[in-house]
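User: I have a structure open and some quick things to ask. Can you walk me through it?

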Amino acid sequence: VRRSTPGLQGRMVALLRLLVKDRVAQRAGWCGACVHIFPAGGRCAEQGGELHFDIDGLEPAALSAGTPALTCALMLQPAQEGGELRIWDRLYAGEASVAEPDPREASVLCSYGAGDLVVLDSRRLHRVARFGGTRDRITVTLRAAYVRERGLWEVWL
């Protein structure tokens with residue numbers, strides 16, 4: 001990412017700093033903001049993305065304590081059709097796997113274009129919706145959690 005898109009990770013950290021109005025630092029040993037390219041005609045396009053919570057970088061103590069954690073997804077190139085972010089009104093509750101939500105369960109389909117930013121609680125259930133066309137769907141994703149002991153937001157992805 002640093003080689004292909006110089007300055008992009010730093011810009012994402014600066015954007016997070018504006019959002020949280022607090023100090024932000026990169027977690028040692030973790031990659032920082034990353035680019036996600038979902039190819040047109042690929043698995044995500046045809047089936048939709050994996051149903052998940054963005055908890056990979058949260059320590060068990062932080063998860064159980066409800067430490068604030070955010071996922072920021074900046075759209076660089078939207079799919080031609082579809083590819084929205086489906087976000088459910090469900091927070092991570094310790095489950096080892098996630099069952100497909102009941103279609104009646106509250107959710108929102110968040111459509112966003114190039115340059116738009118979606119910010120959600122990293123513990124909130126979500127997935128990329130199926131998409132069509134010949135254009136890849138490309139986003140930059142940043143995940144961060146508040147570290148009370150250090151008095152700052154720490155970026156892990």
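User: Let's start with Val-147. Which residues does it touch, leaving out those up to four places away in sequence?

Analyst: Val-147 touches Leu-152 and Glu-154. Keep in mind that this is a predicted model.

User: Where is Val-147 found?

Analyst: Val-147 is in strand S10.

User: Is Val-147 buried or exposed?

Analyst: Buried. Its relative accessibility is 15%, and the cut-off for buried is under 20%.

User: How far is Val-147 from Thr-67 in space?

Analyst: The two are 7.7 Å apart, C-alpha to C-alpha. Along the sequence, 80 residues separate Val-147 and Thr-67.

User: OK, pockets now. What is the volume of the second largest pocket?

Analyst: The second largest pocket holds about 180 Å³ of space. It is lined by 14 residues. Closest to its centre are Ala-62, Thr-67, Tyr-146, Val-147 and Glu-149. So Val-147 and Thr-67 turn up again.

User: Which elements give two or more residues to that lining?

Analyst: Helix H3, residues 60-65, and strand S10.

User: And what is the lining of the second largest pocket like by class?

Analyst: It has seven nonpolar, two polar and five charged residues.

User: What about the largest pocket? What is its volume?

Analyst: The largest pocket has a volume of about 260 Å³. Its lining has 17 residues. Phe-38, His-52, His-126, Val-128 and Thr-141 lie nearest the centre.

User: Which elements give two or more residues there?

Analyst: Four strands do: S2 (34-38), S3 (69-77), S8 (124-128) and S10 (137-147).

User: Which one gives the largest share of that lining?

Analyst: S10, with four residues.

User: How many residues of each class line the largest pocket?

Analyst: Six are nonpolar, seven are polar and four are charged.

User: How can anyone tell where the empty space is?

Analyst: A probe the size of a water molecule is rolled over the atoms, and that shows where empty space is left.

User: New topic. How many disulfides does the structure hold?

Analyst: Zero.

User: Why is there no bond for Cys-31?

Analyst: The closest cysteine sulfur to that of Cys-31 belongs to Cys-34, and it is 5.3 Å away. That is too far for a bond, because a disulfide needs the two sulfur atoms within 2.5 Å. From the Cys-34 side, the closest cysteine sulfur is that of Cys-31.

User: Are those two cysteines buried or exposed?

Analyst: Cys-31 is partly exposed, at 41% relative accessible area. Cys-34 is buried, at 12%.

User: Now the inside. Which residues touch the most other members of the largest nonpolar core?

Analyst: Met-12, Leu-16, Val-24, Leu-142 and Val-155. This core has 15 residues.

User: Which elements supply at least two residues of this core?

Analyst: Helix H1 (8-20), S3, S10 and strand S11 (152-155). The largest share comes from H1, with five residues.

User: What does Met-12 touch, not counting residues up to four places away?

Analyst: Met-12 touches Ala-33, Cys-72, Leu-74, Val-140 and Leu-142.

User: What is in the second, separate core?

Analyst: That core has 12 residues, including Ala-45, Ala-79, Leu-85 and Ile-87.

User: Where do nonpolar side chains tend to be in soluble globular proteins?

Analyst: They tend to be buried together.

User: Back to H1. Is Leu-8 buried or exposed?

Analyst: Leu-8 is buried, at 13% relative accessibility. Its place is in helix H1. Beyond four places in sequence, Leu-8 touches Val-35 and Val-140.

User: How far is Leu-8 from Cys-31?

Analyst: Their C-alpha atoms are separated by 13 Å. Along the chain they are 23 residues apart.

User: And Gln-9? Buried or exposed?

Analyst: Gln-9 counts as buried, at 15%. It also lies in helix H1. Leaving aside neighbours within four places, Gln-9 is in contact with Val-1, Arg-2, Cys-31, Gly-32 and Ala-33.

User: Last one. What is phi of Lys-21?

Analyst: It is near 50°, a positive value in a residue other than glycine. Lys-21 lies in the loop between H1 and strand S1 (24-26). Lys-21 counts as exposed, at 72% relative accessibility.

How values were computed
Residues numbered from 1 in each chain as written. Predicted model: local features only at pLDDT ≥ 70, side-chain atom pairs only at ≥ 80, totals over all residues. Heavy atoms only, no water. Buried < 20%, exposed > 50% of the residue type's maximum accessible area, 1.4 Å probe, protein only. 1 Å grid on protein atoms, 1.4 Å probe; cavity = no way out; pocket = protein on both sides within 12 Å on 5 of 7 lines; lining within 4 Å. Points joined across faces, edges and corners; volume = space filled by probe spheres on them. Nonpolar A, V, L, I, M, F, W, Y, C, P; charged D, E, K, R; others polar. Core = buried A, V, L, I, M, F, W, Y, C linked by side-chain atoms within 4.5 Å. Contact = heavy atoms within 4.5 Å.
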